[in-house]
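Welcome! Let's take a friendly walk through this protein, one piece at a time. Have a look at the sequence and the model first, and then we will start with a small detail.

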Amino acid sequence: FHTTSPGRLTRRTTRDELGKLAKLTARELEILHLVGLGLNTNQTAEALSRSVKTVDGHLLSIRNKIGQLTRTELAALAIESGLTRVDRDEIRRIARQSRLSAPHA
């Protein structure tokens, strides 16, 4: 088990349970987890103390290994695989963030 946020424990996903995600490195899984939480590339880079270019490289590698998926599909994959767990408050935050960052017509 590991802590994903204060006071909340989740079961650590094992390599055997990852299916096609088993091809990914530990860093790529970490990045996919953060994508599943709704973080953008800049936020992911900041959270990992890495450059945006480095995170973009990892995202490209992830897409090459598991298929050309959109960021939304990557987030859904992280959640569906159990790599990322989100609760209702996190879902609302992600939805609000998506509405705020969407281009206005």
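Which side chain does a polar contact join to that of Thr41? The partner is Arg71, and the contact between the two side chains is 3.4 Å. Keep in mind as you look that this is a predicted model.

To place that pair, it helps to step back to the whole chain. The protein chain has 5 helices and 2 strands, and along the sequence they follow the pattern β-β-α-α-α-α-α. Of its 105 residues, 30% are buried. Take the contacts between residues at least 6 apart in sequence: 54% of these join residues at least 24 apart.

Now back to Thr41, which belongs to helix α2. Is this residue buried or exposed? Thr41 counts as buried because its relative accessibility is 15%, and the cut-off for buried is under 20%. Leaving aside residues up to four places away in sequence, Thr41 touches Val52, Val55, Asp56, Leu59 and Arg71.

Thr41 has company in its helix, since Thr44, Ala45 and Leu48 of α2 are buried as well. Why do these residues sit on the same side of α2? They cover an arc of only 100° around the axis, and this puts them on the same side of the helix. A general rule about helices is useful here: an α-helix has 3.6 residues a turn, so residues three or four places apart point the same way. Turn α2 around in your viewer and look at the face pointing away from the buried side, where you will find the exposed residues Asn42 and Glu46. As for the buried side, its cover includes α1, α3 and α4.

The two ends of α2 are worth a visit too. At its start, a side-chain oxygen of Asn40 comes to within 3.0 Å of the backbone nitrogen of Asn42. Just after the helix comes Ser49, a residue in the loop between α2 and α3. Ser49 has a positive phi of about 55°, although it is not a glycine. Ser49 counts as exposed because its relative accessibility is 60%.

Next, let's follow the chain to α3 and α4. How do these two helices lie relative to each other? Their axes come within 12 Å and cross at roughly 75°, and angles of 65 to 115 degrees count as roughly perpendicular. The helices α3 and α4 are therefore roughly perpendicular to each other. Where they meet, α3 brings Leu59, Ile62, Arg63 and Ile66, while α4 brings Arg71, Leu74 and Leu77. You have already met Arg71 as the polar partner of Thr41, and Leu59 as another residue that Thr41 touches.

Our last stop is the largest nonpolar core, which has 20 residues. Those with the most contacts inside this core are Leu21, Leu32 and Ile62. The elements that give two or more residues to it are α1, α2, α3 and α4, and the largest share, 5 residues, comes from α1. Leu32 is a good place to zoom in. Not counting residues up to four places away in sequence, Leu32 touches Leu21, Leu24, Ile62, Leu74, Ala78, Leu83 and Thr84. Among these partners are Ile62 and Leu74, two residues you saw where α3 and α4 meet.

Key. Residues numbered from 1 in each chain as written. Predicted model: local features only at pLDDT ≥ 70, side-chain atom pairs only at ≥ 80, totals over all residues. Heavy atoms only, no water. Core = buried A, V, L, I, M, F, W, Y, C linked by side-chain atoms within 4.5 Å. Buried < 20%, exposed > 50% of the residue type's maximum accessible area, 1.4 Å probe, protein only. Helix = DSSP H or I, 4+ residues; strand = E, 2+ residues; numbered from the N terminus. Contact = heavy atoms within 4.5 Å. Arc of directions from axis to C-beta. Polar contact = N/O pair within 3.5 Å; in protein donor to acceptor, adjacent residues only side chain to side chain. Axes fitted to C-alpha atoms, helices over the stretch in contact; angles between N-to-C directions. Parallel < 35°, antiparallel > 145°, perpendicular 65-115°, else oblique.
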